[in-house]
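Trainee: I have a protein with a ligand on my screen, and I would like to learn how to read it. Could you take me through it step by step?

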Amino acid sequence: MEKTQEWLNSFRQNESLKQNINIKESRTGITISITGGKGGVGKTTASLKIGKELANLGYKVLLIDCDYNLSNTLIKLGKKINTDLYDLITSAKTFDECLYQEGNFHILAGCNGNMDLFENNLSIDEVLIDVINDHRDQYDFILIDCPAGLQKKILNLNAYCDHRILVVNPDKSSITDSYSMMKILRNKYSIQENHLLVNRIQNSDQYKRIVRTISETAEQFLGCRTLILGGIPLSEGRAEEFDKFLLNDANSAVHKNFCKVTKAITEKCGVNAVLQDKKVFSDFLTLPS
Ligand SMILES: Nc1ncnc2c1ncn2[C@@H]1O[C@H](COP(=O)(O)OP(=O)(O)OP(=O)(O)O)[C@@H](O)[C@H]1O
Ligand SMILES: [Mg+2]
């Protein structure tokens with residue numbers, strides 16, 4: 001009886017202890033790189049828009065701009081860069097102090113022209129993998145906006161991520177660059193699966209052709225699987241106008257297609273990812289009338 005009382009007392013104590021501890025909600029921190037090799041294809045555009053839409057769906061999202069020379073993620077949002085990765089690397093500020101936050105959507109801006117990082121031959125891949133590992137359980141999704149090119153450090157980051165989204169435009173050099181990236185990732189890192197987002201599409205035939213070309217070539221020559229996320233139509237007009245309406249116009253075809261792409265990401269890259277590519281040729285694309 002005495003023993004039972006002891007046990008009960010200690011149990012009650014434990015229970016009240018548990019209630020007092022602020023138990024941290026643990027999240028899965030799925031990492032996705034937004035990449036593709038070629039410059040100017042819409043990687044930053046896609047990172048921002050997908051990040052925002054995932055946050056709108058209720059997910060907690062961290063977007064890391066890993067351009068350690070010419071970061072422009074926050075500039076596209078029309079925000080001033082007050083603090084960035086440089087402050088984190090140099091320990092001038094804490095992680096939280098380095099973030100730009102809009103509700104559930106957090107951005108860690110890259111660096112701009114910090115020459116000493118180059119002189120010290122910064123291992124951006126190792127730095128960012130440490131950052132991700134330290135904060136992974138605070139986020140549902142961690143998006144990595146990659147710079148153009150096939151530098152080893154960026155390839156390392158791509159290979160480290162749980163998923164890769166290759167952003168491709170309907171031009172030969174973009175398609176070839178994305179193939180080169182898939183090839184290196186396959187041969188050097190044994191990556192056999194990539195996601196595809198086609199940006200600047202002019203019509204649905206063009207979209208279908210690109211999707212078919214890339215997925216069939218990757219399958220045939222690399223043994224890689226390509227999971228199709230959808231496409232974003234080309235928006236005519238000035239670049240500044242595009243950047244402005246991108247995040248504000250909920251009626252545009254660009255917005256609607258990004259919403260579909262984001263939904264596809266939650267289905268294909270989420271915790272219970274179900275691979276359902278069959279609809280790709282039928283209803284993934286809403287083109288402007
Ligand atoms: N679907 C689109 N229609 C029209 N313009 C677009 C579209 N997508 C992106 N753009 C324009 O292309 C420009 C380049 O896009 P973005 O900066 O996202 O490319 P990037 O791949 O991140 O470039 P970098 O390789 O330099 O990082 C943007 O300023 C935007 O105006
Ligand atoms: Mg960019």
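Mentor: Happily; we will go through the ligand, then the pocket, then the backbone. Keep in mind that this is a predicted model.

Trainee: How many residues surround ligand 1, and which are the closest?

Mentor: Start with the shell, the residues that have an atom within 4 Å of the molecule. Here 18 residues surround ligand 1, and K43, T44, T45, N199 and R200 are the closest.

Trainee: Which elements supply at least two residues of that shell each?

Mentor: There are two helices and two strands to look for: α2 (43-56) and α11 (239-246), along with β7 (193-201) and β8 (225-233). By class, the shell around ligand 1 holds 7 nonpolar, 7 polar and 4 charged residues.

Trainee: Which polar side-chain atoms lie 2.8 Å from an atom of ligand 1?

Mentor: For a polar contact, look for N or O atoms in pairs within 3.5 Å. K43 has a polar side-chain atom 2.8 Å from an oxygen atom of ligand 1. N199 also offers a polar side-chain atom, 2.8 Å from a nitrogen atom of the ligand. Do not forget the backbone: in P233, a backbone N or O atom lies 3.0 Å from a nitrogen atom of ligand 1.

Trainee: How much of ligand 1 does the protein bury?

Mentor: Compare the ligand on its own with the ligand in place. Alone, ligand 1 exposes 630 Å², and the protein buries 83% of that.

Trainee: Where does ligand 1 sit?

Mentor: Ligand 1 is in the largest pocket, which contains about 470 Å³ of space. The lining has 26 residues, with G40, G42, T45, K76 and R200 nearest the centre of the pocket. Two or more lining residues come from each of α2, β7 and α11. Sorted by class, the lining is made of 9 nonpolar, 9 polar and 8 charged residues.

Trainee: Which residues have a positive phi although they are not glycines?

Mentor: Phi is a backbone angle, and two residues are worth finding. S190 has a positive phi of about 60° and belongs to the loop between α9 (172-189) and β7. R200, with a positive phi of about 65°, is in strand β7 itself. You have met R200 before, among the closest residues to ligand 1.

How values were computed
Residues numbered from 1 in each chain as written. Chains lettered and ligands numbered in written order. Predicted model: local features only at pLDDT ≥ 70, side-chain atom pairs only at ≥ 80, totals over all residues. Heavy atoms only, no water. Polar contact = N/O pair within 3.5 Å; in protein donor to acceptor, adjacent residues only side chain to side chain. Areas by Shrake-Rupley, 256 points an atom, 1.4 Å probe, with all protein chains shown as cover. 1 Å grid on protein atoms, 1.4 Å probe; cavity = no way out; pocket = protein on both sides within 12 Å on 5 of 7 lines; lining within 4 Å. Sits in = over half its atoms within 2 Å of the grid points. Helix = DSSP H or I, 4+ residues; strand = E, 2+ residues; numbered from the N terminus. Nonpolar A, V, L, I, M, F, W, Y, C, P; charged D, E, K, R; others polar. Points joined across faces, edges and corners; volume = space filled by probe spheres on them.
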